[in-house]
Amino acid sequence: MTAIPIVNFDLVRALRDGRPLLWVRPGTARTIDESPFTLEHIRQARARFDRCAPLLAALFPELAKTAGTIESPLLPAPAMQATLRLPETMGRLWIKADHDLPVAGSIKARGGVHEVLEFAESLALRHGLVQPGQDYRALAAPLARACFSRYRVAVGSTGNLGLAIGVVAAALGFQASVHMSADAKTWKKARLRAHGVTVIEHDGDYENAVAAGRARVQADPNGYFVDDERSSSLFLGYAAAALHLHDQLQSADITVDAAHPLFVYLPCGVGGAPGGITFGLKTIFGPHVHCFFAEPTQSPCFLVRMMAAFGQLPNAPASPSVYDVGLNNRTEADGLAVPRASELAAAVMATRLDGVYTVADDTLFADVARLHDREGMDIEPSAAAGFSGPGQLCMTPAGQAYLESRGLAQAMRAATHLVWTTGGRFVPPEEFDHFLSRGRSSAAYT
């Protein structure tokens with residue numbers, strides 16, 4: 001006999017009213033694990049980054065000092081911890097600073113660069129431009145560029161994924177085009193055009209831009225579409241970050257086990273980036289890592305998808321959008337303004353994601369300003385979504401119930417809270433000044 005799902009109508013009302021909330025995946029729910037990926041797939045993605053590192057260093061002078069490795073530091077954040085009023089009895093706050101990733105300036109450099117490299121590698125091997133084990137710097141030579149110039153690489157994006165795909169594809173010599181939604185920031189479009197990328201603007205939201213881009217590329221025999229809603233290559237590029245984080249945690253003498261739990265807070269748009277990272281972390285750390293997605297109150301596409309999957313949204317379709325629950329998908333966090341979650345990410349996260357929480361835009365701006373003022377780090381609003389996570393987990397009834405139900409309450413003093421900041425490196429100064437002004441004037445700023 002199938003159990004009838006328990007619907008928390010207070011939670012549903014908060015969702016539909018656009019109020020901040022924390023949803024926890026039902027611990028007793030049984031869901032088929034549909035993941036097609038393994039640890040070996042993650043290692044293969046990491047190996048691709050490694051063998052392409054000399055090529056990346058040749059293409060991007062900013063990577064010379066890291067020999068072509070695209071990575072971000074792991075940083076303690078004691079001042080921000082005090083600002084968030086997270087007591088030491090609940091653990092320590094750290095930041096995985098993907099807002100400062102080189103080349104693309106956001107977390108999208110991971111998945112986006114990986115997929116472009118995988119496509120370029122496949123073409124190079126097919127056309128005999130390079131042999132396995134050879135120096136991949138040959139792919140920056142005129143012969144390779146002439147080959148790549150016959151192909152178009154395209155993507156649909158609200159901004160950051162487009163920057164990652166467009167900049168790397170253009171640097172390799174591909175015809176690069178980015179289909180952007182109306183809510184994409186003007187400065188991101190300008191940066192793409194400055195790198196020789198064709199920007200195609202579409203009315204409507206992210207979903208419309210992706211659909212338009214996909215349809216146009218399908219009609220091009222030499223077209224390649226990077227599909228953020230369905231791409232395994234993007235997903236595994238993000239997952240590879242977990243291997244490097246494992247090494248960083250060890251270098252910082254941070255233990256992850258039953259007595260030292262790791263909590264990770266990841267801003268979420270369509271779900272590919274946080275989903276891939278969560279998959280990687282869960283594969284490496286198992287039950288000792290707890291991953292939570294962060295979404296704007298008006299654009300919680302992954303929350304809506306998860307609640308529907310567990311029967312907690314009455315009368316919802318199988319793959320609902322935020323519009324189906326009466327939300328408007330309007331947020332200043334442009335990278336998170338997505339109406340419907342990736343089916344690939346949703347399937348893999350069904351048995352792995354620990355929870356989702358939502359954040360109001362005013363709080364995002366306040367945390368941008370607080371991080372700048374307390375820690376000297378500059379991020380964009382979407383990247384600030386993670387900072388509400390420790391408070392939602394440690395200082396709300398839903399969060400405390402999660403800790404108690406999983407036997408974590410007694411281990412919190414030794415816990416690590418990791419906020420994954422996702423974008424900000426290339427925000428123009430005048431744009432960032434606007435962020436600071438709005439953040440400091442917010443009631444949430446202290």
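Contact here means heavy atoms within 4.5 Å. With that in hand, the helix pair α14 and α17 is a handy place to start in this predicted model. On the α14 side, Asp361, Asp362, Phe365, Ala366, Val368, Ala369, His372 and Asp373 take part, and they meet Phe432, Phe435, Leu436, Arg438, Gly439 and Arg440 of α17. Sorted by class, the residues of this contact come out as seven nonpolar, two polar and five charged. As for geometry, the axes of α14 and α17 (residues 429-440) come within 7 Å and cross at roughly 110 degrees. Angles of 65 to 115 degrees count as roughly perpendicular, so α14 is roughly perpendicular to α17.

Helix α14 turns up again at a pocket. The second largest pocket holds about 320 Å³ of space. It is lined by 16 residues, and the closest to its centre are Thr363, Phe387, Ser388, Gly391 and Gln392. Which elements give two or more residues to this lining? They are β10 (355-359), α14 (361-375) and α15 (389-394), with the largest share, three residues, coming from α14. By class, the lining of this pocket divides into six nonpolar, seven polar and three charged residues.

Strand β10 also belongs to a sheet. This one is an open sheet of seven strands with mixed pairing, and its order reads β1-β10-β9-β8-β11-β3-β2. At the edges sit β1 (22-24) and β2 (74-76), each of which pairs on one side only. From one strand to the next, the twist averages 25 degrees. Further in, β3 (residues 92-97) and β11 (residues 416-421) run parallel and are joined by six bridges. One pairing to look up in the structure is Arg92, whose bridge partner in β11 is Thr416.

Another member of the seven-strand sheet, β8, helps line a cavity. How many cavities of 30 Å³ or more does the model have? The count comes to two, and the largest has a volume of about 240 Å³. Its lining is made up of 24 residues, with Ile107, Lys108, Gly269, Gly335 and Leu336 the closest to the centre. Two or more residues each come from α6, β8 (262-267) and α11 (272-285). Of these, α11 gives the most, with three residues. The lining of the largest cavity splits by class into eleven nonpolar, eleven polar and two charged residues.

Helix α6, one of the elements lining that cavity, also packs against a neighbouring helix. Helices α6 (residues 160-172) and α7 (residues 186-194) pack at an angle of about 5 degrees, and their axes lie 10 Å apart. Angles under 35 degrees count as roughly parallel, which means that α6 is roughly parallel to α7. On the α6 side the contact is made by Asn160, Gly162, Leu163 and Gly166, while α7 brings Lys188, Arg191 and Leu192. Among the residues of this contact, two are nonpolar, three polar and two charged.

That leaves the other sheet. It is an open sheet of four strands with parallel pairing, in the order β6-β5-β4-β7. Here β6 (198-201) and β7 (223-226) are the edge strands, each pairing on one side only. On average, neighbouring strands of the four-strand sheet are turned by 20 degrees against each other, direction ignored. Strands β4 (residues 152-157) and β5 (residues 175-180) run parallel, with six bridges between them. Gly156, for instance, has His179 as its bridge partner in β5.

Helices lie against this sheet too. Helix α7, the partner of α6 described above, packs on the sheet and touches β5 and β6. The direction of α7 makes about 145 degrees with that of β6. Helix α8 (residues 206-218) lies across β4, β5, β6 and β7, and runs at about 160 degrees to β7.

How values were computed: Residues are numbered from 1 along each chain as its sequence is written. This is a predicted model: local features need pLDDT of at least 70, side-chain atom pairs count only at pLDDT 80 or more; totals for chains, interfaces and linings use all residues. Side-chain values use heavy atoms; hydrogens and water are left out. Axes are lines fitted to C-alpha atoms, for helices over the stretch in contact, and angles run from 0 to 180 degrees between N-to-C directions. Angles under 35 degrees count as roughly parallel, over 145 as roughly antiparallel, 65 to 115 as roughly perpendicular and the rest as oblique. Ala, Val, Leu, Ile, Met, Phe, Trp, Tyr, Cys and Pro count as nonpolar, Asp, Glu, Lys and Arg as charged, and the others, Gly among them, as polar. Two strands pair if DSSP finds at least two bridges between them. On a 1 Å grid over the protein atoms alone, a cavity is a set of points where a 1.4 Å probe fits but cannot get out, and a pocket is an open set with protein on both sides within 12 Å along at least five of seven lines; lining residues have an atom within 4 Å of a point. Grid points are joined across faces, edges and corners, and a volume is the space filled by probe spheres set on the points.
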